[in-house]
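Work through the following exercises with the sequence and the model open side by side, and try each task before reading its solution.

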Amino acid sequence: MLAINLLLTFSTLTSLILALLIIASNNKQRTNQSLFVFLGGVFLWLLTNLLTNISPEPSIALFFAKSTMIGAVIMPVAFLIFTAVFTKRSFSPKKKILLFLPIVPLLLTIHSSLNIKSIDSYGQNTQTGAIYLYLTPLLLLYFTLGIINLIRHYRRTSSFKEQAQIRYMFIGIVLTLIPSILANAILPALGNTDAILYGPNAVIFLATFMSVAIIRHGFLDIRLIVARTVAYILSLGGIIIVYGTLLLLTSATIFQGSDINFTRQFFYAFMAIVAGIVAQPLKKYFDKLTNKLFYQDAYDPQYFLDQLNKELVSNVDVESLLSKCATIIDTNLKSSYCLFGLKETAYSPQRIIGSDSHVAGFDQNDINFARSVTPSMNKIVIIADDLREDDPLKAMLRKYDIAVLARLAREVSLETEGLGYAIFGSKKSGNPYTKQDKNMIEIIANELVIAIQNALRFEEIEKFNITLQDKVDAATAELQRTNEKLQQMDETKDEFISMASHQLRTPLTSVKGYLSMVLEGDVGKVNKKQDRMLEQAFLSSQRMVYLIADLLNVSRLKTGKFVIDSKETNLADVVETEIEQLKPTAKARDLTLEYKKPKKFPILTLDETKIRQVIMNFVDNAIYYTPAGGKIEVFLED
């Protein structure tokens, strides 16, 4: 009987731990909530069976034996509800009534003689009531409906994860059925009636594998739980054994036969303090020990991120940054390799950065295939083991021993491919990537995106500066060549102007001279009309002479041959002379031109020829732009 009770105790505690783990992992998930109710039913059923077995009084044993009906009712109903939630199947109000209505008679007869008629102390000689004839087929019905739900969903779903979860559940169902049939049917038929007492423990297989199906594939890392649990058990056990033995020996030696006095109380308190001080170092020691045994891939996430962030903020060279980050990731995640594939940019081609031999081993067609399908998967981190067996991407990842493919993108979008990919090989230990690893890779990917963007911008600026400098040098050389040509053309122009001016000046001087002779009557008397026309021709030739002089001056300025011939000059007389020459032109345009000559004006040192050109240009412009009938007044003031 002791072995049966110890086994029931273990099964009861296991069901309680599983229930707490499930609800602690995600208490808002309906799948977890329904599984928690099922595990709660398992716990109640096993606990009441255990209490029935250890109750010395028949009345108490009878009470707990009847109470086993509560767990027996909760388990099948909760199992059916769990399968419905897991397979995303909803019940109509009528179906809900039909679902819960059959269990009402069971709940109403819990503490009646229809349940269990009598039982001896320690759960011996149980006599069941008529309700058990109704209970057994009803339980089989609920469990059968739940199993049918799982089978249908397994055939319909395309999720590899859900198929794997259902396989775990079926393993639990099979492992529960085999010992149940053996303990409750086969062995009693062969004469071993004590085997029935072991039957309740069989349900723990179903509870365990249902929990593992949820825990292993999405919510918790089972190996971490086992490692920490063993560490706590070893720590607690070590303290109990060492200090318990020490206390017993000390008490037996020092306080033998004495009552509990102040000295003994002080000693116990002192030993409790020592145990508390030693407990934490002892726990750390067992944590390290269990990590080596159960969790070889353990790492400190904060230390990992600190290392990575230190590199990310201190390096702006893309190649160096990603190579060092790959080393840090390999060291902590213990992956067989880590590479970074960056897509092409305006200044650089597609590239794979890393020191592993895989760098040169990827086929371009496979790279293009991965780039085409991953944006539509609506996730940042893609784990190869989570993909369906017939998924082409999974086959491609296995080809290159890629365990995890992480997109370097700020957001999940069908239109956004991102900067590239982080590629992780399988772990050196052979263990799969855990949920903690996946979360860490997501954090790493997000931080790398910012760092890579900055590094690429820096690289782009550097390459742009190099390109810009080359273009500036080429443009400068071209500009120098063009400038030399322009200088040559300018020199040619100056030579042409100088030559043309000299050549034009000679015939104009001749024309002006002959016109002057005709106007003075040297060749005969001219009438008024002829005189007016000849006067206009003379003035025009004079302006042409001034224009040619201007061209010569401009040419001389550019060639450095412009000379100022200064001498004392009466500017008032010079202005008067030039005004007298321009009066016929003003008169011809119906303008009045007046010069108010000052009575006294200082003698100035000037180039008389060039200042005459200046005066001529000023007044000639005034004549040209003044409308007919206007008046032009010229002043000279000191």
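**Exercise 1.** Determine which residues T128 is in contact with, leaving aside its neighbours within four places in sequence.

*Solution.* With contact taken as heavy atoms within 4.5 Å, the partners of T128 are N115, I116 and K117. This is a predicted model, in which local features need pLDDT of at least 70 and side-chain atom pairs count only at pLDDT 80 or more, while totals for chains, interfaces and linings use all residues. Residues are numbered from 1 along each chain as its sequence is written, and side-chain values use heavy atoms, with hydrogens and water left out.

Next, place T128 in strand β2 (residues 127–128), where strands (E, at least two residues) are DSSP runs numbered from the N terminus, as are helices (H or I, at least four). Finally, T128 counts as partly exposed because its relative accessible area is 43%, the class between buried (under 20%) and exposed (over 50%), with a 1.4 Å probe and protein chains only.

**Exercise 2.** Establish how the side chains are arranged along strand β11 (residues 631–635), and how this strand pairs with β9.

*Solution.* Begin with the faces: I632 and V634 point to one face and are buried, whereas K631, E633 and F635 point to the other and are not. Then turn to the partner, strand β9 (residues 592–596), which pairs with β11 in the parallel sense over five bridges, pairing requiring at least two DSSP bridges between the strands. Within this pair, Y595 stands opposite V634.
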